[in-house]
Amino acid sequence: MKTFTLVSSLLAAAYAAPAPEQAIGEARDVTQAAPVPIDNPLMRSTEQGVKVLPRMSMTEPKDGAKRTTVKYGNWMVSSTKMMSTIKLAQGPCGLAGCYVTAMEATIRYPDGKEANVDTNAWLHHIALFGTGGGGGSIWAAGNERPTLRLNTGSKYGFDFPSAFMLMIDLMTEDVKPKNLTLEITYEHVPRTTPGYKAATMYWLTIGEPAAKTGKYSFSTMPSIVSGAGQLLYSIGHMHDGGDNMSLYVGGNLVCKSVMHYNSRAGYGKDANGAADEHAGMAGMAGMAGAKGKAASGSTAAAAMPKTASGGMVGHSHTKRQHAHGGGGGLHISDPGACTDFGTVTSGQSMKATAFYDAGKYGLMEHNGAKERLMGNMRVYIGPTSTGLFG
Ligand SMILES: [Cu+2]
């Protein structure tokens, strides 16, 4: 099996996708699984780059926003057949458009249960690209399935295209095929919602360098900020071995998105089963609510922070890890996010550096071969009126 896939290549290269062959068409469904609160120390963190935003099922929509879950198809996936595809897909608002203020993705079994590492199912990569300028990047994630939110402190959303390119990698190490349905849940408001403006997205990537031993880093090419704005949200995506992805504006560190690791073997056992290296936690308290089984392993670090937008409670992710033959070690479960963490001015240079420590965390493997690395940083900026602060 190839160790690197269509989506990962596109994620790394971040170029706009070619026109698709597949037809649009997906069912819509606004139901969500009932949340299972988990008292995870990460959810109490408010620290930039450490905190993990709560799943939408644990929060109320903001500013009268509507939530829509769109199912994008279902596929049979087995260890001999990684599912890697690209399709034209629809956003939540049709031709009228809307501002998407928050979004998250997951995969489910036919019975609606979330499919994750506790049952050996990975949402390996997902990426959304539009056809607009700047490569048209909209959003992306790995199995960590983070929640994006652009209106934590200010009224911004992503001006969502009615249709976009959706790239998907699903995988499992089970020989027996699994039927997996991909869905994305959107929180969105009409473009006419008072005070709301469109955010822009910057995509910083290191490409896909080969894995190495020891401690090392890779930096992205710089990206020039096109207009003054607020730094709304940023988060890194790395592969196992990653320590943190740091964002610099004008040479100054503004966001250090740390990779939280959890023990696959320890997950679901008890409070001490899944210590988080970065948060300095003694253990993952309250993991009893998780559905993971120690034998098959789920790193599901529920990881809900209390955000600036108000009280959040925990949720269950029985998911979250890349564990490709990793042998029960630590795996990335949640990257930390930064929200409302500063401002930028037009012309400033922005770049990110991915710090790896393969000795400390270990690397992912596919069928005995080390997987190539990633270091993608998504940066969402909310343009502010020009002239006042440059
Ligand atoms: Cu990746």
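**Entry: a lysine and a tyrosine**

I started with Lys212, whose charged end sits over the ring of Tyr216, 5.0 Å from the ring's centre. A reminder to myself before going on: this is a predicted model.

Tyr216 led me on to the strands. I looked up what stands across from Tyr216, and found Tyr356 in strand 21.

**Entry: strand 21 and its partners**

Next I followed strand 21 and noted how strands pair with it. I kept in mind that strands of a sheet pair through backbone hydrogen bonds, either parallel or antiparallel.

- Strand 13, residues 215–219, pairs with strand 21, residues 349–357, in the antiparallel sense over five bridges.
- Strand 14 covers residues 223–224 and pairs with strand 21 over two bridges, in the antiparallel sense. Here I noted Ser223, whose bridge partner in strand 21 is Met350.
- Strand 16, residues 242–249, is joined to strand 21 by seven bridges, and the sense is antiparallel. Within strand 16's stretch I picked out Leu247, which stands opposite Ala352 of strand 21.

**Entry: the copper ion**

Then I turned to the metal. Which residues coordinate the copper ion? I found His125, His237 and His239, each through NE2, and Met374 through SD, at 2.0 to 2.5 Å.

I wanted the geometry as well. The angles among the four donor atoms run from 97 to 123°, and the site is tetrahedral. For my own orientation, I wrote down that ideal angles at a metal are 109.5 degrees for four tetrahedral donors. The limits for calling four donors tetrahedral are 85 and 135 degrees, so the angles of 97 to 123° at the copper ion fit.

Along the chain, the copper donors follow the spacing H-x111-H-x1-H-x134-M. Why does the pair His125 and His237 tie together parts that are 112 residues apart in sequence? His125 lies in strand 5 (residues 122–129), while His237 lies in strand 15 (residues 229–238), so the pair brings those two parts together.

I also checked whether these two histidines are buried or exposed. His125 is buried, with a relative accessible area of 0%. His237 counts as buried too, at 2% relative accessibility.

**Entry: a four-strand sheet**

Strand 5 turned up again when I looked at sheets. I found an open sheet of four strands, in the order 3-9-5-6, with antiparallel pairing. Which strands stand at the edges? They are strand 3 (83–90) and strand 6 (137–142); each has a single partner strand, so one side of each is left without a neighbour in the sheet.

I noted the twist too: ignoring direction, neighbouring strands of this sheet are turned by 15° against each other on average.

Looking at one edge, I saw that strand 3 pairs with strand 9 (residues 163–171) over eight bridges, in the antiparallel sense. Gln90 has its bridge partner, Ala163, in strand 9. I added a general reminder that in a regular strand the side chains alternate between the two faces of the sheet.

**Entry: aromatic pairs**

How many aromatic pairs are there in the whole structure? A search finds eleven.

I looked closely at Phe160. With Phe164 it forms an edge-to-face pair, 5.7 Å centre to centre and 85° between the planes. Phe160 is buried at a relative accessible area of 2%, and Phe164 counts as buried at 1%.

Phe160 also pairs with Tyr186, again edge-to-face, at 5.3 Å centre to centre and 75° between the planes. This second pair links distant parts of the chain: Phe160 is in strand 8 (residues 156–160) and Tyr186 in strand 10 (residues 178–189), 26 residues apart. Tyr186 is buried, like Phe160.

Stepping back, I found that ring pairs link Tyr72, Phe158, Phe160, Phe164, Tyr186, Tyr233 and Tyr380 into a cluster.

**Entry: two backbone angles**

Last, I looked up two residues with a positive phi.

Asp63 has a phi near 55°, a positive value in a residue other than glycine. I located Asp63 in the loop between strand 1 (28–29) and strand 2 (66–77). Asp63 counts as partly exposed, at 38% relative accessibility.

Asn120 is not a glycine either, yet has a positive phi of about 65°. Its place is in the loop between strand 4 (98–108) and strand 5. Is Asn120 buried or exposed? I found Asn120 buried, with a relative accessible area of 11%.

Methods
Residues are numbered from 1 along each chain as its sequence is written. This is a predicted model: local features need pLDDT of at least 70, side-chain atom pairs count only at pLDDT 80 or more; totals for chains, interfaces and linings use all residues. Side-chain values use heavy atoms; hydrogens and water are left out. Donors are N, O and S atoms within 2.8 Å of the metal (3.2 Å for Na, K and Ca); water is not among the atoms, so sites may look incomplete. Four donors count as tetrahedral if all angles lie between 85 and 135 degrees; four count as square planar and six as octahedral if opposite donors are over 155 degrees apart and all others between 65 and 115; anything else is irregular. Buried means under 20% relative accessible area, exposed over 50%, partly exposed in between (1.4 Å probe, protein chains only). Rings of Phe, Tyr and Trp (its six-membered ring) pair if their centres lie within 6.5 Å; planes under 30 degrees apart count as stacked, over 60 as edge-to-face and the rest as tilted. A charge sits over a ring if NZ of Lys or CZ of Arg is within 6 Å of the ring centre and within 35 degrees of the ring normal. Two strands pair if DSSP finds at least two bridges between them. Axes are lines fitted to C-alpha atoms, for helices over the stretch in contact, and angles run from 0 to 180 degrees between N-to-C directions.
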